[in-house]
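Student: Please take a close look at how oppositely charged side chains pair in this model, and then follow the chain from there into the nonpolar packing. I would like the cut-offs stated as you go.

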Amino acid sequence: ILPKGVHKGLALQRLADHLGVDIRKTVAVGDYDNDVGMLRAAGIGVAVANSSPAALAAAEYVTVSNDEHAIAAVICDIENEKIRL
């Protein structure tokens with residue numbers, strides 16, 4: 001069990017800080033309630049199509065399901081400027 005207030009969004013922020021990356025230039029992909037903080041913290045939050053309702057609500061974009069190569073689809077959407085940072 002994680003300490004109160006610790007979540008994936010905080011981890012993403014700390015990683016971005018450590019790497020010297022502007023959090024607004026990050027993309028997070030998630031599918032469940034435990035990803036909500038990360039989806040909200042990222043510059044762009046992407047939920048997969050078969051995500052939980054909470055993850056879908058927290059995301060700015062929805063991509064294909066996690067059974068359809070979602071990460072590859074997100075990368076292609078960034079390259080094709082369908083998702084803009």
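Tutor: A salt bridge here is a side-chain nitrogen of Lys or Arg within 4 Å of a carboxyl oxygen of Asp or Glu. This is a predicted model, in which local features need pLDDT of at least 70 and side-chain atom pairs count only at pLDDT 80 or more, while totals for chains, interfaces and linings use all residues. Residues are numbered from 1 along each chain as its sequence is written, and side-chain values use heavy atoms, with hydrogens and water left out.

Searching the whole structure gives three salt bridges. In one of them Arg 24 is paired with Asp 22, and their closest N and O atoms are 2.6 Å apart. Arg 24 counts as exposed because its relative accessibility is 61% (buried means under 20% relative accessible area, exposed over 50%, and partly exposed in between, with a 1.4 Å probe and protein chains only). Its partner Asp 22, at 32%, is partly exposed. Another salt bridge joins Arg 84 to Glu 81, where the closest N and O atoms are 3.5 Å apart, and Arg 84 is exposed, with a relative accessible area of 55%.

The remaining pair to examine is Lys 8 with Asp 35, whose closest N and O atoms also come to 2.6 Å. This salt bridge links distant parts of the chain, since Lys 8 belongs to helix 1 and Asp 35 to the loop between strand 1 and helix 2, 27 residues apart; helices (H or I, at least four residues) and strands (E, at least two) are DSSP runs numbered from the N terminus. The two partners fall into separate exposure classes: Lys 8 is partly exposed at 36% relative accessible area, whereas Asp 35 is buried at 4%.

From Asp 35 one can go on to Val 36, which lies in helix 2. Val 36 is buried, with a relative accessible area of 11%, and it is a member of the largest nonpolar core, a set of 10 residues that also includes Leu 12, Ile 23, Met 38 and Leu 39. Helix 1, helix 2 (36–41) and helix 3 (53–58) each supply at least two residues of this core, and helix 2 gives the most, with three. A nonpolar core is a set of buried Ala, Val, Leu, Ile, Met, Phe, Trp, Tyr and Cys residues joined through side-chain atoms within 4.5 Å. Leaving out residues up to four places away in sequence, Val 36 touches Ala 54, Ala 55 and Ala 58, where contact means heavy atoms within 4.5 Å. By contrast, Val 36 and Ala 73, which are 37 residues apart in sequence, lie 20 Å apart in space from C-alpha to C-alpha.

Finally, Ser 51 sits in the loop between strand 2 (44–48) and helix 3. At 10% relative accessibility Ser 51 counts as buried, and, neighbours within four places in sequence aside, it is in contact with Gly 30, Asp 31 and Leu 56. A polar atom of the Ser 51 side chain lies 3.3 Å from the backbone oxygen of Gly 30.

Conventions. A polar contact is a pair of N or O atoms within 3.5 Å; within protein, one must be able to donate a hydrogen and the other to accept it, and residues adjacent in sequence count only if both atoms are side-chain atoms.
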